[in-house]
Amino acid sequence: MNKSAIAVFAFLGVIWGSNFVFVKTAAAFISPLQITLLRVLFGFLPVLLYALATGALRREHWKHAHHFLVMSLLATALYYFAFAKGTALLDTSIAGMLGGAIPLFTFLCAWLFLRSEQLTRLKTLGIGLGFLGIIVVAKPWSAQGGIDLKGVIYMILGSLSVGCSFVYAKRFITPLGLPAVALTTYQIGLALALLAIVTPFHGIGAVFDDTHAWVGLVFGLGLLGTGAAYLAYYFIVDALGALAASAVTYIPPVVALLIGWWLGEPVTASAWVAIALILVGVALVQLSGAGRFAGPRLKASST
């Protein structure tokens with residue numbers, strides 16, 4: 001087995017699991033929309049540099065600009081904003097656990113919009129267990145109101161957005177045979193332009209008043225958690241295959257839960273039950289064949 005791919009696999013799981021604490025720290029100084037803009041800005045830089053270095057960008061690609069625009073909304077702007085908003089309202093551990101449910105929403109979108117995806121008994125069981133885990137996390141029966149349901153809804157909307165993006169990519173992007181880094185560059189670049197238009201800049205510099213906040217946002221969330229993470233993911237897909245790459249989704253929720261525990265957040269037995277239900281549900285869905293929707297199968301090398 002490719003040792004480099006395993007190392008990148010572990011890096012990706014840890015950095016994605018750490019994203020939630022970086023968002024949470026930055027949210028004390030700037031708004032979720034401003035966090036999203038800065039995340040995309042600093043995440044765009046390494047992707048653009050790599051794309052230029054490999055010569056992956058082509059003028060003729062832009063005849064597909066409408067597809068790039070849809071992906072920029074679903075897989076970047078809306079997805080990152082919803083997760084930033086949800087994480088700002090929730091504990092790091094809770095946000096991380098809910099983020100682990102992305103494959104469940106990916107399958108649901110695939111089942112709704114792609115005729116080739118069938119709802120088997122095993123997949124139904126997986127979906128049921130996963131959503132039971134989400135309910136255990138949200139605790140709608142709790143009279144104490146410890147979990148902000150708006151935060152849960154934002155996390156679900158973010159998962160649904162990125163889930164739809166995978167299906168859209170499967171349907172419209174994969175047949176184009178574009179280099180992965182080219183699509184990623186166009187996608188993030190367009191998202192950056194859109195976010196720059198709608199984001200209020202007043203007070204955005206406040207995050208740079210705190211070293212932990214700006215370092216986590218610029219390096220942890222932007223350069224590594226977005227830019228390097230995109231490149232790392234496609235490297236894993238190329239080295240291990242899409243199904244193996246989809247297994248990285250099991251790591252971030254556990255990492256986020258452990259970070260939350262380390263920060264002193266209340267991590268109860270029900271939290272471990274919830275994460276177990278979500279991950280078992282995801283495993284059942286992916287092992288039943290939905291793992292092929294973990295991401296678009298694009299050419300990893302430039303053409």
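**Figure 1. Ser-159 in helix α7 of the predicted model.** Ser-159 sits in helix α7, which covers residues 149–173. The model shown here and in the other views is predicted. Ser-159 has a relative accessible area of 0%. That value is under 20%, so Ser-159 counts as buried. Beyond its neighbours up to four places away in sequence, Ser-159 touches Phe-83, Leu-98, Ile-102 and Phe-105. One of these partners, Leu-98, is itself among the buried residues of helix α4. Leu-98 is also listed with the residues that have the most contacts inside the largest nonpolar core.

**Figure 2. Helix α4, residues 92–99.** How many of the residues of helix α4 are buried? The count is 8 of 8, and the helix is mostly covered. The buried residues are Thr-92, Ser-93, Ile-94, Ala-95, Gly-96, Met-97, Leu-98 and Gly-99. Two of them, Gly-96 and Met-97, are in contact with Pro-253. Leu-98 touches Ser-159. Met-97 and Leu-98 both appear among the residues with the most contacts inside the largest nonpolar core.

**Figure 3. The largest nonpolar core and Leu-12.** The largest nonpolar core has 81 residues. Those with the most contacts inside this core are Leu-12, Ile-35, Met-97, Leu-98 and Leu-217. Which helix gives the most to the core? Helix α9, residues 211–240, does, with 11 residues. Leu-12 touches Ala-229, Ala-232, Tyr-233, Ile-236 and Val-248, leaving out residues up to four places away in sequence. In soluble globular proteins, nonpolar side chains tend to be buried together.

**Figure 4. Pro-253 in helix α11.** Pro-253 lies in helix α11, residues 251–262. Is Pro-253 buried or exposed? Its relative accessibility is 1%, so Pro-253 counts as buried. Setting aside neighbours within four places in sequence, Pro-253 is in contact with Gly-96, Met-97, Gly-100, Ile-275 and Leu-279. Gly-96 and Met-97 belong to helix α4. Leu-279 belongs to helix α12. Ser-72 is 181 residues from Pro-253 along the chain. The C-alpha atoms of these two residues are separated by 25 Å.

**Figure 5. Tyr-250 in the loop between α10 and α11.** Tyr-250 is found in the loop that joins α10 (242–246) to α11. At 23% relative accessibility, Tyr-250 counts as partly exposed. Leaving aside neighbours within four places in sequence, the contacts of Tyr-250 are Leu-279, Val-282, Ala-283 and Gln-286. Ile-275 is 25 residues from Tyr-250 in sequence. Their C-alpha atoms are 9.6 Å apart in space.

**Figure 6. Leu-279 in helix α12.** Leu-279 has its place in helix α12, residues 269–287. Why does Leu-279 count as buried? Its relative accessibility is 15%, and buried means under 20%. Beyond four places in sequence, Leu-279 is in contact with Thr-249, Tyr-250, Pro-253 and Val-254. Thr-249 is 30 residues away in sequence and 8.6 Å away in space, C-alpha to C-alpha. Tyr-250, by contrast with buried Leu-279, counts as partly exposed.

**Figure 7. Leu-119 in the loop between α5 and α6.** Leu-119 is found between α5 (102–113) and α6 (121–138). It is partly exposed, with a relative accessible area of 37%. Not counting residues up to four places away in sequence, Leu-119 touches Phe-107, Trp-111 and Thr-124. Ser-288 is 169 residues from Leu-119 in sequence. In space the two are 9.6 Å apart, C-alpha to C-alpha.

**Figure 8. The whole chain, for context.** The protein chain has 12 helices and 0 strands. Its C-alpha trace spans about 55 × 50 × 35 Å along the principal axes. A compact globule of 303 residues would have a radius of gyration near 19 Å. The chain has 18 Å, which agrees. Of the 303 residues, 50% count as buried. Among contacts between residues at least 6 apart in sequence, 87% join residues at least 24 apart. The chain exposes about 13,300 Å², and carbon and sulfur atoms supply 69% of this area. There are 17 positive and 8 negative charges, with mean positions 15 Å apart.

Key
Residues numbered from 1 in each chain as written. Predicted model: local features only at pLDDT ≥ 70, side-chain atom pairs only at ≥ 80, totals over all residues. Heavy atoms only, no water. Helix = DSSP H or I, 4+ residues; strand = E, 2+ residues; numbered from the N terminus. Buried < 20%, exposed > 50% of the residue type's maximum accessible area, 1.4 Å probe, protein only. Contact = heavy atoms within 4.5 Å. Rg over C-alpha atoms; globule rule 2.2 N^0.38 Å. Areas by Shrake-Rupley, 256 points an atom, 1.4 Å probe, with all protein chains shown as cover. Lys, Arg positive; Asp, Glu negative; His and termini not counted. Charge placed at Lys NZ, Arg CZ, Asp CG, Glu CD. Core = buried A, V, L, I, M, F, W, Y, C linked by side-chain atoms within 4.5 Å.
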